[in-house]
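Visitor: Please take one part of this model and go through it slowly. I am new to this, so plain steps would help.

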Amino acid sequence: MYLNAGKKTVSRFIFLLMFQALTHSGSAQPGYWQQRVKYVMDIDMNVSTNRYTGKQQLDYTNHSPDTLRKVFYHLFWNAFQPNSMMDKRSNSWGTNTLNGRQDWDPRVQDRIQHLTPEEIGYQKIISLKMNGVAQPFQMEETILEVSLTKPILPNTTAHFEMEYEAQVPLQVRRSGRDNPDTKVRYSMSQWYPKICEYDYEGWHATPYLNGEFYGVWGDFDVNIHIDKSYVLGGSGYLQNPQEIGYGYETMGSKVNRPAGQKLNWHFYAPNVHDFVWAADPDYKHVSKKIRENLTLHLLYKPTTSPEKNWLHILEVTEQALPFIEKTYGPYPYKQYSFILGGDGGMEYPMATLLNSASGNMHELMHSWYQGMLGTNELKYPWMDEGFTQYAAARNWGYLNKDTSTEQSFKKEYDAYYSLAKSRDIQEPLTTYADYFNTRSGYQLSSYYKGCVFMVQLGYIVGDPVLDKILLAYYQEWRFKHPNPDDFFRVAEKVSGLQLDWYDDFWIKSIKKIDYGIDSLWEVNGKTRIRLRMLGQVPMPIDVLLQFKDSSQELAYIPLYSMFGAKPEENKTIPRVVYEPWKWTSSSYEFEVNHRLTDLKLIEIDASHRMADVNRNNNKLELKW
Ligand SMILES: [Zn+2]
């Protein structure tokens, strides 16, 4: 196949792009529905036994077209018992050795196996009623199965009332007590029986194996009765700050604590899919109002990291927030809390648990991809961890004034390349989080290949278009649990390009990208350049050409499967758009309107956004 060099093709592609943008401006998500919850919870904590009793009222609205005959709840803490699925899974990972290290989560290891009866975690249901009628239920380790005496009809609300008992496990992972390093008494995540999500795929009654979460959006009204000496932080807004104090009261006002040994901390968190809290008598609490309707809270101990590092978290957040909201969409809640936990970092709505004064940017950015987009993190961990990693690295790049994408995402690309080179641990990004063969494979794939997905999408559609996609994705899918198809549809509609091939190659396969410069020669005073596709993933190609007289030119070869071209990204270098490259051809030739001896440098993707596993054949410097 031959090129048809020249600017004629540019107008054709621009026309195509505009046409596609216009024809795809229909409304999204016809027939979309989701369930809704309203929790009212009351717990009474005994800080000497580390046990509490809980009362939970749940209004569960079935917006689905289905009649529900069963419901499921998560009982996460039953995982912290010897021989649980989480214990077995961690131990089996421990038998794999990768690069001389056991492949298990260093925080879990075989620790669950050794928990004593006072150290295990549990959530035991004492009673459960629906609309006043006792319901038969069965506890199956981390899942509670309820066979309803009467079905929940479409578009009706069922009222559940539950009584339960729980024991806080010795800190293993995410939730627990008395971690020996940070010495935080209580990290209370996954602490309440939580109804499973029911969506277009049905129930997600997923056993807890250390993977992440998927929950129903709704409102959480939480009362925590706990010893007066404890300071708390968590999701939501404290409703009774004047009875609590500890820095939550209006500045300079008098705190009126009720008599008795306990305080009742009353929180309200609207429109979230989870609720976390943490408690310790030695927390220092600092708060900072950083803009109208947004206060940051910091609960920390100066013994864990230098105090100035803790306070720096607030400064960095304040500094980055305008950029963050402009790039990924507004933060809609009135508070965000950075809390020292027994384990971290882990993200929750309106809060994060950190185990030191670092890693806060990543956790903060989860407020977008975990908190507000709320993708099923077990099915599509790359859309949560990968997008979050992308946003955090980009924010640091902005704060550090890194001038190139390459600089900002170097760590992420290097990690992806190490994954691509390892034969044993790569699996497609479609792999369910708990089913990856190795922990390392899960991490490198979801965090780093997932991050590279986004940076590389900028290469494919153009960085300014990627920015529009990020905002459109937020606007269209905020509070709606998007899946990969939903993201790709937004990206296609905004860019006007076909992107299904990118999904098929990058997400659904472990194929790799490798392009190279094959040869060049002169014909009739013009230079012909031949490129080769050596990998299995097709991509559009940018080729930077530098000439002896210091001028530059960008040769752009769209991928045929895109049916369009990205807009010009860099107006300072003239661009020539060539005929698209069909992926079934392993080589491609194009002609440059210069003599061969005028050429000084040729480079495929000088921006280094395309994750080419062998860059040695991408660049040619010519000395005449
Ligand atoms: Zn994360």
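Guide: Start with helix α9, in what is a predicted model. Helix α9 covers residues 439–461, which makes 23 residues. From its first C-alpha to its last, α9 reaches 32 Å. At 1.5 Å a residue, 33 Å is expected, so the span comes close to that value. Still, α9 has a bend of about 30°, placed at S445. Now look at its surroundings. α9 is mostly covered, with 20 of its 23 residues buried. After the helix comes G462. The phi of G462 is positive, near 100°.

Next, turn to another helix, α5, which spans residues 360–372. Two histidines sit in α5: H362 and H366. They are 4 residues apart, about one turn of the helix. Both serve as donors of the zinc ion, each through its NE2 atom. E385 also takes part, and it is listed with two OE donors. These protein donors lie 2.0 to 2.8 Å from the zinc ion. Along the chain, the spacing of the donors reads H-x3-H-x18-E.

How are the two histidines placed, buried or exposed? H362 has 13% relative accessibility, so it counts as buried. H366 has a relative accessible area of 1%, and it is buried too. The cut-off for buried is under 20%.

Finally, check the angles. Four tetrahedral donors would ideally give 109.5 degrees. Here the angles among the 4 donor atoms run from 51 to 147°. To count as tetrahedral, all angles must lie between 85 and 135 degrees. The site of the zinc ion is therefore irregular.

Note on methods:
Residues are numbered from 1 along each chain as its sequence is written. This is a predicted model: local features need pLDDT of at least 70, side-chain atom pairs count only at pLDDT 80 or more; totals for chains, interfaces and linings use all residues. Side-chain values use heavy atoms; hydrogens and water are left out. Donors are N, O and S atoms within 2.8 Å of the metal (3.2 Å for Na, K and Ca); water is not among the atoms, so sites may look incomplete. Four donors count as tetrahedral if all angles lie between 85 and 135 degrees; four count as square planar and six as octahedral if opposite donors are over 155 degrees apart and all others between 65 and 115; anything else is irregular. Buried means under 20% relative accessible area, exposed over 50%, partly exposed in between (1.4 Å probe, protein chains only). The bend at a residue is the angle between axes fitted to the seven residues ending there and the seven starting there.
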